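Hi,

Here is the structure I promised to pass on. Have a look at it first, and then read my notes below.

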Amino acid sequence: MKSCPLPLPFLLLAVPLAGSEVALRMPRPVSFEVSDPPALTSDGWIEALPQGEVSPWWFGGAVVLQTSPGEAAESWLRGRIEPGWKVRSVRSDLAVVETGDPMLALRTAELWGRLPEILAAVPESRQPAGAGDAFAAAPGDTFFPARFANVSGQWYLENRDPADGRSLGVDINVRAAWPWSRGVGVTVAVADVGIELAHPELQRALAGAPHRNFAVPASSADPAQGGATGAHGTSIAGLIAATPDNGAGMSGAAPGAKVASWVVFDARGRLVSDTVLSTMYRHADGVVGVQNHSWGTGGDVPAGPGILEAAALDSSLDDGRGGLGAVHVRIAGNRRTLGGNANDDAWGNDPRAIQVAAVRRDGRVASYSNPGASILVSAPSGDDDTGGLFTTDLTGFAGANLLGFLPPFENLGDFRFNSLGMTGTSAAAPLVSSTVALMLSARPGLSSRDVRSILALTAVQSDPADPGLFTNAAGLRFSHNSGFGVVDAGEAVRLALAWRSLGPATRVEVASTAVQAVEDDTLRVEVQAEGLPTGLERIRSLPGSGAHPDQPTGWVRLVDLGRAEAPATTNLAGAGALIERGGTNYATKLGNAAAAGAAFAVVRNHASGPTNDCPVGDALCPIGGIEFVPIPAVFVAASDGMALAAWIAADPETRVRLATRPTVVRFDVGASLRCETVRLRLRTDHPLRGDLRITLVSPGGTRSVLQAYNADESPGPVDWTYTTRAPFLECTTGIWTLEVTDEGQGAVGSILGASLALEGVPLDDTDRDGLSDAWEREHFGGLSEGPGGDSDADGWSHLRESLVGTDPRQSDRLSVPSIGDWNPGFVRVTVPATPLAPRAVLAGMRPDLLDEAAELESRGAVRTRILPLGTNGTRFVRAVSPP
């Protein structure tokens with residue numbers, strides 16, 4: 001709604017009393033929702049929400065009146081205004097009438113607007129506006145800040161100290177997305193236990209969405225049970241689209257999106273049948289843009305959809321959204337401590353879906369989040385030591401939060417937070433669904449392939465100490481713990497706006513039907529010395545849960561560190577460490593060895609002592625809890641370990657290495673594609689699936705761990721399809737190598753057949769770097785540049801520039817700082833994270849006295865610093881470039 005002068009035509013159609021809808025004819029018709037009783041600002045204005053938007057307008061106590069030609073406004077008003085009202089003439093046909101009462105002004109505008117001689121009668125209004133910053137204002141919700149009193153707030157949206165703007169850890173950078181998109185026009189279906197449809201924080205998001213109870217069709221789409229389980233869907237809905245700026249509690253990450261409740265679990269927690277699921281995936285297909293599935297397999301045995309459900313998934317993922325492909329967001333699972341792997345879930349490992357891992361507040365993968373080559377991206381979630389995410393709960397005492405609160409926080413009982421907050425990959429997935437909703441709102445024509453590519457290219461690795469983090473042959477950073485990293489909503493939306501849709505994909509498949517026996521029990525500590533006693537040359541061992549000797553380690557000497565409970569005083573560079581079980585945990589022991597420079601560690605069982613979950617003596621047990629130790633480690637029997645310790649004491653120059661003997665299948669791929677999806681189908685008759693380690697190495701050298709040694713005692717893989725994201729955007733041409741290693745003793749089987757299926761866009765790429773030869777020659781005159789380069793130092797790699805179609809020799813982003821508001825009293829200084837961009841700023845209260853140095857904080861594509869304003873509201877800043 002505009003203030004004077006008013007555009008034509010401008011007709012007030014109806015202004016009913018509070019509690020219903022206000023319909024205004026503006027340059028376009030707009031309907032407003034007014035609550036009952038009306039919500040008032042501190043200065044007495046009535047709040048009203050425009051339909052389809054998330055930011056409210058406000059109506060005041062005046063009426064703007066426009067009369068028809070030939071009718072003077074002041075003359076018409078004589079005899080029609082109440083005592084005490086004031087009239088201000090703007091021009092002959094336009095006047096402002098001050099009533100002093102916003103509700104009275106609404107009623108008056110309704111009456112006058114129905115008269116034929118009146119062109120317009122509208123209440124005065126305020127509408128949301130800003131200074132055009134590329135960073136949205138913080139929503140006016142009590143618990144949006146990272147912390148508020150003793151409540152851990154919505155740090156996952158913005159993880160900064162509200163007192164000084166200092167970064168406190170990982171978040172999804174959503175305020176950088178909101179200037180471009182709030183998710184308006186996108187509906188996210190939450191397939192879960194149901195959503196509380198009357199929850200006050202979710203009313204706007206749930207209104208008019210295609211809800212359905214697939215478990216009990218005659219029932220509502222509300223939860224059928226209470227407690228934390230019954231609150232699951234409601235908590236997901238809050239993370240996606242809780243109402244912002246209402247001062248009540250929180251804001252959803254995509255606050256303009258709609259949310260549909262799809263109930264797929266009954267009151268006993270049972271998933272509906274495959275026949276029902278097959279109808280669910282295409283329900284309201286013309287309305288629903290994103291499906292959030294925070295559920296999956298929960299056991300040791302791989303599981304997934306049956307034939308009927310798989311056909312429905314094909315239809316949804318390939319043909320949904322009018323042929324663009326429905327976007328399905330899935331979880332990686334929560335069984336890390338039990339040896340779980342994301343590739344064991346065929347719902348989530350489908351390469352057309354988006355499988356999501358969880359990271360904790362400091363950026364490290366959550367303690368429960370499954371690893372897996374099939375993970376695309378990750379998002380924040382809670383963990384045991386940090387509590388859960390702040391989000392909506394069932395109202396009253398029906399959900400996870402059974403506490404009562406006194407004013408002014410009496411509504412806190414409708415939320416869950418701190419130790420009662422939401423955890424698991426179930427909480428991470430909706431933050432990715434929200435990011436996708438923001439992207440589709442900004443660019444509705446993106447295909448599901450486009451969405452996956454943009455997420456992978458803009459995600460940010462949040463744990464530089466992750467030993468499994470590596471760079472693939474296309475220059476992208478990947479980890480089996482977090483995929484391509486934590487979603488960055490701001491960068492994802494910005495890249496979506498510039499994105500050129502991918503061309504049609506081509507599929508190639510190479511199969512091997514040869515039957516090959518898999519050698520039993522091949523993981524060994526190999527010892528090299530003269531006069532070794534029989535049995536010491538190749539010592540049986542079991543692997544650890546961390547780094548693994550897929551390639552033999554180098555031959556090095558072995559140093560006995562005893563129990564290694566304290567930091568080693570010996571320099572172990574060029575050596576391995578022999579460590580006795582017992583005392584402190586394995587991660588501490590192996591960390592001490594790695595810190596001293598050890599290349600690997602051999603852990604020997606003790607002859608006597610606490611058993612915990614592993615018998616003493618000559619029993620072999622896998623080493624758990626060492627995912628973040630940077631060196632490989634194996635476990636050997638007590639007798640072997642003591643014999644080895646005695647030998648190296650007598651002959652310190654003995655050489656030792658770790659090695660396996662995998663069974664190898666090679667696939668020769670002649671097609672040149674820019675790789676998007678990789679499927680590996682494997683059939684075996686092995687009687688013990690848990691004994692097998694299965695990896696796939698791309699022509700570019702990227703190794704994907706499809707399955708690690710685990711606790712599954714069932715046969716297999718009988719017939720299972722694994723997927724990997726790790727070689728994303730690499731060139732497919734060359735030899736792909738499947739390696740199957742048996743790491744347990746006694747169960748023997750064979751590979752019965754294997755096939756490799758690849759999809760991507762055809763690419764002229766003779767140097768196999770993932771860049772088109774023609775594109776390289778056009779811009780560089782040859783093929784010398786790689787995909788990870790950044791010739792114009794604008795923060796966009798050659799790979800990204802080739803996909804978007806920009807010139808890699810000409811900067812597409814300003815390398816000078818941008819300065820905008822952060823929160824009241826603070827400014828936000830941002831520069832692209834490029835080699836030539838500033839790394840620090842000098843700040844001060846006067847331009848000639850910049851006496852405060854502040855280092856910029858790096859995050860993904862940008863460097864940022866929050867600075868306080870001076871007492872006069874002024875701050876002078878100068879960027880400092882690297883020498």
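**What I found**

Let me begin with a spot in a loop: Ala284 sits in the stretch linking α6 (274–280) to β14 (288–293). What caught my eye there is the backbone, as Ala284 is not a glycine and yet has a positive phi of about 50°. Asn418 does likewise: this residue, also not a glycine, has a positive phi of about 50°. Asn418, though, is placed in a strand, β19 (residues 415–418). Is Asn418 buried or exposed? Neither, quite: its relative accessibility is 22%, so Asn418 counts as partly exposed.

One more backbone oddity is the peptide bond from Gly716 to Pro717, which is cis, with omega near 0°. You'll find Pro717 in the loop between β35 (703–707) and β36 (720–723). For context, most residues other than glycine have a negative phi, and most peptide bonds are trans.

**How far to trust it**

Bear in mind that this is a predicted model. The protein chain has a mean pLDDT of 89, with 93% of its residues at 70 or more. Which parts have pLDDT under 50? Residues 1–20 stay under that value, and the model gives them 70 contacts beyond four places in sequence. Residues 23–29 are also below 50, and this stretch has 25 contacts in the model beyond near neighbours in sequence. Where pLDDT is low, the predicted coordinates should not be read in detail.

**The sheet and its helices**

Now for an open sheet. Its eight strands run in the order β25-β24-β31-β27-β28-β29-β30-β26, and the pairing is mixed. At the edges are β25 (538–540) and β26 (542–543), each of which pairs on one side only.

Inside that order, β27 (residues 556–560) and β28 (residues 575–580) pair in the parallel sense, over four bridges. If you want a place to look, take Asp560: its bridge partner in β28 is Leu578.

Two helices go with these strands. Helix α12 (residues 638–650) packs on the sheet, where it touches β24 (524–528), β25, β27, β28, β29 and β30. The direction of α12 makes about 105° with that of β27. Helix α11 (residues 586–595) lies across β28, β29 (601–604) and β30 (633–636), and α11 runs at about 150° to β28.

That's the tour. Shout if anything is unclear.

Cheers

Key. Residues are numbered from 1 along each chain as its sequence is written. This is a predicted model: local features need pLDDT of at least 70, side-chain atom pairs count only at pLDDT 80 or more; totals for chains, interfaces and linings use all residues. Side-chain values use heavy atoms; hydrogens and water are left out. pLDDT is the predictor's confidence in each residue, from 0 to 100. Contact means heavy atoms within 4.5 Å. Two strands pair if DSSP finds at least two bridges between them. Axes are lines fitted to C-alpha atoms, for helices over the stretch in contact, and angles run from 0 to 180 degrees between N-to-C directions. Buried means under 20% relative accessible area, exposed over 50%, partly exposed in between (1.4 Å probe, protein chains only).
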